[in-house]
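Hi,

Here is the structure I said I would pass on. Have a look at it first, and then read my notes below.

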Amino acid sequence: MRRASAFGRFGRAIAIAVAALVTVGGAPLSLAAAETETMTVCPTCEISSLAEAIASAPAGARVEVHGGVYPGGLVIEKPVTLVGIDGPVIDGGGSGTLLQVRGAEVAIEGFTFRATGSNHDREDAAIVFDGGRAVITGNRIEDALFGIYLKQAHGSIVRDNVILAKQVDVAMRGDGIKVWYSNDTLIENNVAQDGRDVILWYANGGTVRGNDFDRNRYGLHLMFSNGIRIEGNSLDENSIGLYVMYGRDITIVGNSLSNNHGPSGGGLGFKDVDNAVVEGNRFVANQIGAQVDTSPVQPGVENLWRGNVFAFNDIGIGLTPSVRHNIFTENSFIDNTEHVSVLGRGQLRDLTWAVDGRGNYWSDYAGYDADGDGVGDRPYRSQRLFESLMDERPVLRLFQFSPAALALDFAAKAFPEVRPETKFEDPAPLMQAPRSPYLPPVAAAPTGSRLALGVASSLALIASLAVVLRLRPVFSTAKRGSRPAYALGG
Amino acid sequence: MEPRREDTETNGSALLARDVTKRYGSVAALSGVSFDIGPGEAVALWGPNGAGKTTILRCILGLARYTGEIRVEGHDPRRDGRAVRRAIGYVPQSLPVSPMTVGEMVSFVAALKRTERDAAMERLASLGIADQRDKAISALSGGMKQRLALALALIGSPRILLLDEPTANLDARGRAELLDLLSGLNREGLTILFSSHRPDDVLALAQRILMIERGKVQRDATPAQFREALGAANLVVALKNGHLREAVETLVGLGYEATGSGHVLTVQIPVREKARVISHLARQGIEIDDFEMERL
Amino acid sequence: MDGTIVAAIAAREARAAVRSKWFVLYAVLFAVLSVGFSIVAMGGSPLTGEPGFGRTSAGLLNLMLLMVPLIGLTVGAQSLVGERQDQSLEYLLAQPVSAAEVFLGKYLGAALSLVVTLLLGFGCAGTVLAIRGGSAGVGDFALLVALTLLLGLGALSLGYLISSFTAQMSAALGIAITLWLAFVIVGDLGLMGSAMVMDLSPETLLTLTLLNPLDVYKLLSVDQLQASLDVLGPAGAYAMERFGRALVPTLLGVLALWVLAPLPVGYRLFTRTDVR
């Protein structure tokens, strides 16, 4: 369904693009070209070489490529539409870039791109645009150093593609999608896995929506990019799910970031980000759900965190002591090992933990709500001794989950003298976890292993019960009224 | 491999000890104990508590370290403990209470001795406790428990029985029954070595008595010599008006061993103390018909 | 060494253990604990989606860390001493058996009863989890069970070692409880203090921690439940970097060492003196 409508939109986009070219290009374009000439390429056709077809195609032509394997190293310098039918493959045999577009509007649809080179200096890629505008939809890219690389290709669309990176050492991998000085790009419903980053450099405006970026270094990475909307993506098992550096006016809504771990890794990272809205995202089981460093930077600017769920992270939100002017309201902090951590020495200041009398939900809040307004009557104070020790000396994290750590916290509760300073205080903690309308849907738990677990456990249970009953003849002797007296250790 | 027979000539002994010495730190529990017990003999280790009787048994079983030599049917407990313990059936002073039924315990000991469980169960029957099979050991009476201990010791048909104060926790009847059983077993050819501090038990069973004192065998005596050495006798008193229980209680209170039935009271005393017993009874207002001394 | 005799002694030991009131107490407590743990740690919720390892599960892991070694140490510490005190050890050794058979048989019997105690609990937990529709993989769960069994057996071996040289039950239990406190709290507190005062490197700290079987168990179970040790900070990261793929085998090896190493030492102590 979604695919069909996407193609519909794609068709419209082509029509608009062609119309635009006609108007802009003016005289050189004949009427015939405007009516779209269609060429067919296949291994047994009159034109069996894709390169040849591209060379001979008139501007604006539609080139239909049928199943077969075609060599890479293609260069396009005029507006065309390449349509793959029956899964044609463009195979680079492990060298160079497969398809390069120079300053033209080109649509590429329905191809499999395979085996680029692995040269980082040349940035070998499956598809490269040098200027122009890209409409890249429904392709599959395999064994690629860089997948899709857009340089100064404003207004491009990258949609419904699957990009699988070259299986080389992590340090040698390239980016699944790289956008360079290209404004207003739409990156939608793509999958990019096992690569370095999906990255936007110096991009203003644009939307990244509904993608799956998993097992990369950075799931999605913004550098010096402003006014980007990031919505409904799933960013799992990366070192860092989403990292925003040096940007402003960033909107992050309804994304799911889970199981992101790695050296200084985590779900979301902010460094020098101004005027961000982070709403209705789900941060689950990350090293750090969100880590915030010097954001916002500009005076008078605030970042807003609303309706997010932070659950089962090692640290829910980590803030460097320099962070000010962040607003947290209606977020849920559920069973994070540490809900809020200070990253480094210092104290949290000038943060807002409640808006209009609505704070956040804290799974370990021990207060009550006598007046029944859904807001706890006592503030939530973060004041655990072991936590503050850990924040100061990260090496002590090794002792988490130990009875010794528990004992320290207990001691701090019993003896106010050793109680640490309050880390932060939520004046209006919520009694129920709020459900933001933007939260992404939860994937159903896999049921396959349930049966196995049930069977294995029942077997263990039955076996051990059998042993017990065999060794403990309660039933066989009870009827004689001479049940053995039990001796200790005996 | 036969263990070092050349060092210690066993001469067909069932049990043999040569110069056995056992020290706990600087205290000698046994010093230079030697004896020789032939097959089929019933021998008592007699002596006061702490004389070292139990220590001798423990050395024989290989449970304690010692210097000197011990041979059990030619086997050295230190080198070949398993063979030694297979030849021996051991009856402790009291059978340890474990959370098992009689039947379970019999099966367990049979397994340890690598014997058929059925044969072991027959032992139970021959000692008249087959009907107790499903009872917990802790629920047995003292006499039954000692019978069970004997039955367990006899599993695997050992040729030697070692008993540590077998009658200590039994009443007069239980004692008599157990001694009867043991005599019977001895007549069947079983070698018996048992420790006791009761002269009458010693005399009821033993053909030889090793008199132990302060860790030494003071004397290897026949029953007659033992009786002599003990100088003890039974004073048999016929009471005029009953009061038997009162009389027994009085004498036990004075530290004598006294038993009685009907009008007849028997008290074991050193010969010289006859007058003291009689006068005590008189003082309690117990009238006496007649009395006589019985040499043991 | 005769296998039949070892088996007979083991069976008797297990029977005695299972019939003791401790067994019932431990089994019930542990079952309640592990059911709670698995529901919280491996269950997941509509708001959060996946199951997660969080503060609550950490708390229950803590309880496991408290309880399993306590069970193992006390069961082990009682085993030889109890029989020594009521003379049944002497009676046993007066039978045609060897000291090695008795030592090994009784250990195996105690181990069986411990395994049964723990499996009862985990069996309940897994069954409840499956019925409630938790998404824990059977592999993960089995690994956690295996780890906990190893920890329990390690504690049992240590307790057994204590039991092999003590004459009094009170002394044995006293030593066992002291050891338990040392492993559970005192050791870690000491390390924490040293880390703060002396600025220990993650490497040193990790190495010292590996001396404590409870910490090894914790590292392993966090690694299993979290798929990463980064929650444990720089020292955890160091462990992953230093050992890489060998991390789990190495830690398992350390735990296995705790299970096996006390036994020969205990046997030497057991046979050093006369049977008492």
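Chain C has 276 residues, and 59% of them count as buried. Bear in mind that this is a predicted model. The secondary structure of chain C comes to 12 helices and 0 strands, so going along from the N terminus you pass one α element after another.

Chain B has a sheet you may want to pull up next. It is an open sheet of 6 strands with mixed pairing, in the order β5-β6-β7-β3-β8-β9. The edges are taken by β5 (88-91) and β9 (216-221) of chain B; each has a single partner strand, so one side of each is left without a neighbour in the sheet. On average, neighbouring strands here are turned by 15 degrees against each other, direction ignored. Within that sheet, β3 (residues 42-46) and β7 (residues 191-196) of chain B run parallel and are paired over 5 bridges. If you want a residue pair to click on, W46(B) has S196(B) in β7(B) as its bridge partner.

Also in chain B, take a look at helix α9 (residues 244-253). Which of its residues are buried? They are L244(B), A247(B), V248(B), T250(B) and L251(B). Looking down the axis of α9(B), you find these buried residues within an arc of 160 degrees, so they line one face of the helix. The general background is that an α-helix has 3.6 residues a turn, so residues three or four places apart point the same way. On the face of α9(B) turned away from the buried side sit the exposed residues R245(B), E249(B) and G253(B). After α9(B) comes G255(B), with a positive phi near 100 degrees.

Now for two spots on chain A. The first is a nonpolar surface patch of about 320 Å², made by L451(A), V455(A) and L459(A). Of these, L451(A) belongs to helix α6 (residues 448-471) of chain A. Its relative accessibility is 65%, and exposed means over 50%, so L451(A) counts as exposed.

The other spot is A366(A), which is in the loop between β38 (361-362) and β39 (380-382) of chain A. Is A366(A) buried or exposed? With a relative accessible area of 66%, A366(A) is exposed, because it passes that same cut-off of over 50%. R378(A) is 12 residues apart from A366(A) along the chain, and the C-alpha atoms of the two are separated by 9.0 Å.

Cheers

Definitions and conventions: Residues numbered from 1 in each chain as written. Chains lettered and ligands numbered in written order. Predicted model: local features only at pLDDT ≥ 70, side-chain atom pairs only at ≥ 80, totals over all residues. Heavy atoms only, no water. Helix = DSSP H or I, 4+ residues; strand = E, 2+ residues; numbered from the N terminus. Buried < 20%, exposed > 50% of the residue type's maximum accessible area, 1.4 Å probe, protein only. Patch = residues over 30% accessible without salt bridge, like charges linked within 9 Å, V, L, I, M, F, W, Y side chains within 5 Å. Areas by Shrake-Rupley, 256 points an atom, 1.4 Å probe, with all protein chains shown as cover. Salt bridge = Lys/Arg side-chain N within 4 Å of Asp/Glu carboxyl O. Arc of directions from axis to C-beta. Pairing = 2+ DSSP bridges. Axes fitted to C-alpha atoms, helices over the stretch in contact; angles between N-to-C directions.
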